[in-house]
Amino acid sequence: MSEINMQEIQLPVNYEGSSHWIITSNHGYIPYAQEELRRRYAELKSQIFVSGEVALMELPRAVQDIWQDMNAEPVIFVRDMFPVQVVVEAVELTTAEQAEQILVIMQERSGIAFKSMDAVSIHLRRSGKGADEAEQRSLKSFIKDALERHGAQVVLQQPQYIVSIFEHQGNIYAGLATLSNQGSDWPGGAIRFQREVGQISRAKFKLLEAERTLGLDLSAYQHALDIGAAPGGWTSLLLERGLTVTAVDPANMHPSLIDHPQLSIIKGNAGEVAFEPHEFDLLVCDMSWSPKHTAQLVIQLLEAVMPGGTVIVTVKLMHKKPLQTIRDCMEMFAEHLQIVRAKQLFHNRDEITLYMMKY
């Protein structure tokens, strides 16, 4: 194995075969990410780097075992994570030669060897003030040059591999992973969409992110039921994807949608409307109701969804026990639907998104 000429900082190892990770959540939800992982692995060590949002965690399994676990059964509140393979003082990572050494060590410890023209992204983040912007640009430039010397192509989106660097209190925590494992090609999983001219609401971003993160193709559906649709953020995206949409809400839809030829608007409460059996292959719900009331309403309308149809629901976490709230709602849904994925998306605030299929 290659040796690093600068002083490498050794992280404490408390578990045999353990690994260290930089783990990110939505703001305020890192305690719940910790609790999810603690329930899965029985114990963990954690140090908060950014209050409520970023932590260094030691998990009692090797890196590849953790990736296998996460791919087989993703957790809800971890937005982004990468394995820490090298830790050095930031002041020592100031030359192209040192960046080259870091890259070689990460490749050896990750088992990843770049081939010619492999696409690689660089995710560079920091806590607090850290280095100034000029130093950040310089470090990123050194890493970029080192990657290109190894034949890699540095890209912003859709890479095969991601070099992640997090600076905290003068130390650099670095790791290398595949996009398929890390899951997001946005630094820290903070997916950004550009607001469009005339966009009805930012709620549209939640469904856009769900489509990308959960592996959905909304254009593959034909007839959608949007419960609690007003003012129409989700409805507008479904119409853009070519679906015929029935939107139900006692409030008004946005004027730009009123005359759309593929939209039917029912102004009223969804619980008081009857639909034909198996009328829809997609049901979506982004209502600001209590979680159990939302679940009860969706379940009441499931007869209108064809077998094998998809149901996407946001569950609002209004109480102090979000894990219990989620568990209660998932138990209600599980009697009628297959729960494919539960995830707190970047554009979710105090809520999660459930992706389900009707039996």
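This passage describes a sheet with its packed helix, and a helix pair, in a predicted model.

In the predicted model, four strands are arranged as an open sheet whose order is β2-β3-β1-β4, with antiparallel pairing. The edges of this sheet are occupied by β2 (45-50) and β4 (80-83), each of which has a single partner strand, so that one side of each remains without a neighbour in the sheet. From one strand to the next, the twist averages 25°. Within the sheet, strand β1 (residues 19-24) and strand β3 (residues 54-59) run antiparallel and are joined by six bridges; Thr24 is placed opposite Val54 in β3. Helix α1 (residues 30-41) packs on the sheet, where contacts are made with β1, β2 and β3, and the direction of α1 makes about 10° with that of β3.

A helix pair is formed by α8 (residues 291-300) and α9 (residues 322-334), the axes of which come within 10 Å and cross at roughly 15°. Because angles under 35 degrees count as roughly parallel, α8 is described as roughly parallel to α9. The crossing of these two helices, α8 and α9, is right-handed. On the α8 side, the contact involves Pro291, Lys292, Ala295, Gln296, Val298 and Ile299, which meet Thr325, Asp328, Cys329, Met332 and Phe333 in α9. Classified by residue type, the contact of α8 with α9 comprises seven nonpolar, two polar and two charged residues; Lys and Asp count as charged, and these classes are represented by Lys292 in α8 and Asp328 in α9.

Terms used: Residues numbered from 1 in each chain as written. Predicted model: local features only at pLDDT ≥ 70, side-chain atom pairs only at ≥ 80, totals over all residues. Heavy atoms only, no water. Axes fitted to C-alpha atoms, helices over the stretch in contact; angles between N-to-C directions. Parallel < 35°, antiparallel > 145°, perpendicular 65-115°, else oblique. Left-handed = near helix turned anticlockwise from the far one by under 90°. Contact = heavy atoms within 4.5 Å. Pairing = 2+ DSSP bridges.
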